[in-house]
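Q: Got a minute to go through this structure with me? I'd like the overall picture, then a couple of details.
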Amino acid sequence: MNLSTIEADAGVVPAHFRAQLVLPEQIQLFDIWFSLKGQSIGPQRASITPSTLGSMIAFITVFDVHFCDQAISATIKTKIAGSGLRGLLGFEPQGRLLESGASDAQMLGRDIIEAVARDGVPRCGTRAVAAASGGDAFQVWMRLPLLGADGKISAILGLDRALPMTSLRDSLQTTHRAFA
């Protein structure tokens, strides 16, 4: 699945993970998530609202995650999908159950969603894609754990952007200048 992935380590200062983020929207969402999480591995799902997300909402996805008993794999369903994700995929992912091995599950990185849900560790990355609108692009993504009322991970907050190759190069140059 040609994904480039960066995993936050529980023992590493969050600045390490934040410094790897490529897009301003990723940094903004991570900062919101981090400020809401307190001492736990993630904020309560109820604390993430449309007003919290503002203009990022088009690129936001929420995946419901449920592990049955001692199951190794999770049931993952796309609960909320912004219009940016529909544009990237070329279909409506909202309400879809992500089955292992299915092409939409691979496009959304089911294995990564499941790992974030299991480990409680944020992840981000990029992958080359053929954009639904045509042409080559990069999918820039991030996955963050959200807690249910019981204090267990019940959802994964995602941010996905598809950028033409040239836009990603320009964004990388701007972001790396900001951290220099």
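A: Sure, here's the overall make-up, then a residue and a strand.

A: Heads up, this is a predicted model, where local features need pLDDT of at least 70, side-chain atom pairs count only at pLDDT 80 or more, and totals for chains, interfaces and linings use all residues. Residues are numbered from 1 along each chain as its sequence is written, and side-chain values use heavy atoms, with hydrogens and water left out.

Q: Fine. How many helices and strands does the chain have?
A: There are 7 helices and 6 strands, counted as DSSP runs (helices: H or I, at least four residues; strands: E, at least two) and numbered from the N terminus.

Q: And in what pattern along the sequence?
A: Going along the chain, you get β-α-α-α-β-β-α-α-α-β-β-β-α.

Q: What percentage of the residues is buried?
A: 44% of the 180 residues; buried means under 20% relative accessible area, with a 1.4 Å probe and protein chains only.

Q: Switching to Gln-26: where is it, and is it buried or exposed?
A: Gln-26 sits in helix 2, residues 24–37. It counts as buried because its relative accessibility is 2%.

Q: What does Gln-26 touch?
A: Leaving out residues up to four places away in sequence, Gln-26 touches Leu-21, Cys-124, Val-140, Trp-141, Met-142 and Leu-159. Contact here means heavy atoms within 4.5 Å.

Q: OK, strand 2: which strand is it joined to by bridges?
A: Strand 6 (residues 153–164), antiparallel, through 5 bridges; DSSP has to find at least two bridges for two strands to pair. In that pairing, Asp-64 stands opposite Ala-155.

Q: How many of strand 2's residues are buried?
A: 5 of the 7, residues 60–66, so to speak mostly covered.

Notes
Buried < 20%, exposed > 50% of the residue type's maximum accessible area, 1.4 Å probe, protein only.
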